[in-house]
Amino acid sequence: MSTVDLHLRETSPALTLIAQKQKYLVRPIHLLDPIDTIFYTALVRRLAPLIEDKRPKKSAKIVFSYRFKKGTKRQFELSTGWRGYSKRANEMAHQAEYVAIADIADFFAHTYLHRLNNALADLTGLTAESALLERWLGTWSPDRTVVSQGLPVGQLASNVLAEGLLVEVDDFLASKGFQFIRYVDDYYFFCQDESSAFEALYELGQRLANVERLGLNAAKTRIIRADKLKEELVSPNRVLQARRDAFIENFLQGDPYGIVDWAALTHAQQTKIDGINADEMLEEALAADIVDLSKVTFALQVLGALRRKGSADLVIKNLAVLGPVSRHVGRFLLALESAGPASVQRLAKRVMKYIEDGRFKTPYQVIWLLDPFTRSGVWDNDDALRRLLKWSDELVQRQALLALSQSPKRSSRQEVRTARNNASSWVQRAALFGWRTLPKDEREHGWPRYRGAWTVEQVMNRAVVEYARSLA
């Protein structure tokens, strides 16, 4: 790899994907160019241990979100600590009369980059790196307009920077003697009277406004009795989340999309999984006036892990309301490949019929529904995939192209040959990868020839070609 002066390097525009959060609510996810992601992550990795040193100690049980795991020079791991956060909230609720609950409004989107630069430089002493991060972050807008605020959502490195920004706020609150805990942008203050709870919210709001130019979310900020919080902490949704976490940990070895070997389970383990009643849970969630997406997600994970196709019909019929959990729907459908080609083909046709029925679909949903098609040619549905190549969203085009490269039909795979022309970098890379399924002389003739050192300018395309060649 050639040497790169990061101060002179120009970043590429970020790609913004609008994901569904609830039926009518959305949130952005930012996809950086892969090389930008590597540089961004590596630079923040340099700052991460220094930021962690300045945060409230883990043993203090105050801040639970995205703790950096020190002790290794290469790995970059963050622990979320959600279980510990809930447990600590319950413990502190038993020692208080009132709880003030606060949420920072649009935290990532409203983070001011100059304030972040100053905070990082103060925490780490790495002023050059902090200034460089401010410049990079300011250029990651879809139209290349330089902006003064906003962290890219969905990036591991962004979580570290967000935590670094709030170190000063956490220290301030602790110095005022408040008993509180925090998870990302959510604060719980535990107080003995309502006046003290109001004071905590006032001090937090004032500090955020004066120092960070941030504000509190009016819809989520409130004062409640501690008994009410204790009830909320044992609510059905909280219990369901705990059951889901336990299933993933105990039966899927931590992989949310793992597969369970039913025959290898003990009778007691099989009984425990049967006790989840995933089919019934899914039916109940989808029959409600307001679909419980937490139940749907858990049910799909269990049914997918067990490769049970009995609920596939119910899922397909309800795709219109399952947009926010499309990732889990796609993974569930992919797990059903074991049902055989005929069953998969019927599913594929129904999915494509839904995608093309003329009703509005978010690109986010379409991308995840196409995920099974990109992984195996058994989902073959080439005519529809060709039509999807004409969608305006480049990530939908990318998925359609990857799916066509899996086709058993030579005519469909030939579509990949011309897809590099006038395409975005994301589509171009998909085309390069898809060429691996062409005859050897065609793919070797079409792939770019790279010689000499790997450079930043060609590293991504070169890496895709080399990886595709290894699979051909």
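Asparagine 277 sits in the loop between H11 and helix H12 (278–287). Its phi is near 55°, a positive value in a residue other than glycine. With a relative accessible area of 39%, asparagine 277 is partly exposed. The model is predicted, and the points below cover its backbone outliers by sign of phi, two aspartates, one helix face and the empty spaces found in the structure.

**Loop residues with positive phi**

- Lysine 61 is a residue other than glycine with a positive phi, near 55°.
- The loop that holds lysine 61 runs between H1 and strand S3 (67–68).
- Lysine 61 counts as partly exposed, because its relative accessibility is 41% and the partly exposed class lies between 20% and 50%.
- For asparagine 277, the value of phi is likewise near 55°, and its place is the loop between H11 and helix H12.

**Lysine 272 in helix H11**

- Helix H11 covers residues 267–274 and includes lysine 272.
- Lysine 272 has a relative accessible area of 56% and is therefore exposed, the cut-off being over 50%.
- From lysine 272 to aspartate 103 the C-alpha to C-alpha distance is 37 Å, with their positions 169 residues apart in sequence.

**Aspartate 371 in helix H18**

- Aspartate 371 belongs to helix H18.
- Its relative accessible area is 7%, so aspartate 371 is buried; buried means under 20%.
- A polar contact of 3.0 Å links the side chain of aspartate 371 to the side chain of arginine 375.
- Beyond residues up to four places away in sequence, aspartate 371 touches Arg331, Leu334 and Gln399.

**Aspartate 380 and the second largest cavity**

- Aspartate 380 lies in the loop between helix H18 (371–375) and helix H19 (382–388).
- Aspartate 380 counts as buried because its relative accessibility is 18%, and the limit for that class is under 20%.
- The side chains of aspartate 380 and lysine 409 are joined by a polar contact of 2.6 Å.
- With neighbours within four places in sequence left aside, the contacts of aspartate 380 are Gln345, Ser407, Pro408 and Lys409.
- Aspartate 380 also lines the second largest cavity, together with Phe373, Ser376, Gly377, Trp379, Asp382, Leu385, Ala403 and Ser407.
- Ser407 thus appears both in that lining and among the contacts of aspartate 380.
- The volume of the second largest cavity is about 40 Å³.
- By class, its lining has 4 nonpolar, 3 polar and 2 charged residues.

**The largest cavity**

- Across the whole structure, the search finds 2 cavities of 30 Å³ or more.
- The largest cavity holds about 40 Å³ of space.
- Its lining consists of Ala48, Ile51, Glu52, Arg55, Tyr66, Phe68, Val160, Glu163 and Gly164.
- At least two of the lining residues come from helix H1 (34–54), and at least two from helix H6 (156–165).
- The lining of the largest cavity divides into 5 nonpolar, 1 polar and 3 charged residues.

**The second largest pocket**

- The second largest pocket contains about 300 Å³ of space.
- Its lining is made up of 17 residues, and those nearest the centre of the pocket are Arg9, Ile35, Val456, Glu457 and Gln458.
- Helix H23 (425–434) and helix H25 (459–471) contribute at least two lining residues each.
- The lining of this pocket has 5 nonpolar, 7 polar and 5 charged residues.

**The buried face of helix H9**

- Helix H9 spans residues 226–233, and its buried residues include Ala226, Leu229 and Leu233.
- These residues lie on the same side of H9, because the arc they cover around the axis is only 55°.
- Among the elements that cover the buried residues of H9 are helix H2 (82–93), strand S5 (98–103) and strand S7 (186–191).
- Strand S8 (222–225) and helix H10 (236–251) are also included in that cover.

Conventions:
Residues are numbered from 1 along each chain as its sequence is written. This is a predicted model: local features need pLDDT of at least 70, side-chain atom pairs count only at pLDDT 80 or more; totals for chains, interfaces and linings use all residues. Side-chain values use heavy atoms; hydrogens and water are left out. On a 1 Å grid over the protein atoms alone, a cavity is a set of points where a 1.4 Å probe fits but cannot get out, and a pocket is an open set with protein on both sides within 12 Å along at least five of seven lines; lining residues have an atom within 4 Å of a point. Grid points are joined across faces, edges and corners, and a volume is the space filled by probe spheres set on the points. Helices (H or I, at least four residues) and strands (E, at least two) are DSSP runs, numbered from the N terminus. Ala, Val, Leu, Ile, Met, Phe, Trp, Tyr, Cys and Pro count as nonpolar, Asp, Glu, Lys and Arg as charged, and the others, Gly among them, as polar. Buried means under 20% relative accessible area, exposed over 50%, partly exposed in between (1.4 Å probe, protein chains only). A polar contact is a pair of N or O atoms within 3.5 Å; within protein, one must be able to donate a hydrogen and the other to accept it, and residues adjacent in sequence count only if both atoms are side-chain atoms. Contact means heavy atoms within 4.5 Å. The arc is that of the directions from the helix axis to the C-beta atoms.
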